Amino acid sequence: MTPAANSSAAGTVLHSRVNPSTNRPGSMCPPVVIDLCCGRGGWAEGFLRAGWIVLGVDIRKFKDYPAPMIVRNVLEIDPRDYAGLVDLVVASPVCTEFSKLDSPGLFPSPPKPSLELVNACFRFARSLGVPIVLENVRGLQRMIGDAVQHYGSFYLWGDGVPPLKPYMPGRAGRTKLKWCHRSATLRARIPFELAYTVAQFHSNRLSYSPEGF
Ligand SMILES: C[S@@+](CC[C@H](N)C(=O)[O-])C[C@H]1O[C@@H](n2cnc3c(N)ncnc32)[C@H](O)[C@@H]1O
């Protein structure tokens, strides 16, 4: 499939599920989140549980991603394909180079990482006029300034980051457990409680309450 065809297929996925005329605050129409650099679907699990429609975008196909996804480079997606269909963007661009900025013992003079992918995620949300929650590692602070919040080693930027403390159960330090995973993609997976808390916050913002919730 050509990139353009793939992109319009994504628009069709959303159009088939969302009626923009009823997707208004207070309606029962589920809100829609686009999950950029979606990986193994940590964000998706939390948003699906909260009743949202989720569309993942990643340059790699992950068979266990729990929602519809398109294999696409975020640097190439056209926000116009999603105009009026989306309520929120979540994004977890790759963090490897930013981690090196935070490990002077291991990487005494790391190369300056590119912000291209991070900026593309912010630009995508801005073009759609919807809030974004962008997750990355602490080292990204050296490039774009302080995170709004963090949950363990998951640092969050963007105008969609909710205040976590009153809502989050347990202690953030628990996420250190993630280092027991051998797979890098599983280590990078957003913890369910974080994704679900962010989803709940935005359900409230949009006055969305699924039946039987
Ligand atoms: C940190 S992982 C995402 C983890 C994810 N949030 C989760 O919960 O599993 C980063 C992802 O970005 C993807 N990626 C890297 N470059 C990309 C690009 N240019 N466009 C789309 N996805 C990209 C990688 O394939 C990887 O799955």
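Against which helix and strands do the buried residues of H7 pack? In this predicted model, the buried residues of H7 pack against helix H2 (42–49) and against four strands, namely E4 (88–91), E5 (132–136), E6 (149–151) and E7 (154–157). Helix H7 itself comprises 14 residues, 192–205. The distance from its first C-alpha to its last is 20 Å, close to the 20 Å expected at 1.5 Å a residue. Its buried residues are Leu194, Ala195, Tyr196, Thr197, Val198, Ala199, His202 and Ser203. After the helix comes Ser207, which has a positive phi, near 55 degrees.

The packing of H2 on H7 was examined further. The axes of the two helices lie 7 Å apart and form an angle of about 50 degrees, so H2 is oblique to H7. The crossing of H2 and H7 is right-handed. On the H2 side, the contact is made by Gly42, Trp43, Glu45, Gly46, Phe47 and Arg49; H7 contributes Phe192, Ala195, Tyr196, Val198 and Ala199. Classified by residue type, the contact of H2 with H7 contains 7 nonpolar, 2 polar and 2 charged residues.

Helix H2 also contains Leu48. Leu48 counts as partly exposed because it has 19 C-beta neighbours inside 10 Å, whereas a buried residue requires 20 or more. When residues up to four places away in sequence are not counted, Leu48 touches Val54, Pro66 and Ala67. Leu48 and Ala67 are separated by 19 residues in sequence, and their C-alpha atoms are 8.1 Å apart in space.

Technical notes: Residues numbered from 1 in each chain as written. Predicted model: local features only at pLDDT ≥ 70, side-chain atom pairs only at ≥ 80, totals over all residues. Expected span 1.5 Å × (residues − 1). Buried ≥ 20, exposed ≤ 12 C-beta atoms within 10 Å, placed from the backbone. Contact = placed C-beta atoms within 7 Å. Axes fitted to C-alpha atoms, helices over the stretch in contact; angles between N-to-C directions. Parallel < 35°, antiparallel > 145°, perpendicular 65-115°, else oblique. Left-handed = near helix turned anticlockwise from the far one by under 90°. Nonpolar A, V, L, I, M, F, W, Y, C, P; charged D, E, K, R; others polar.
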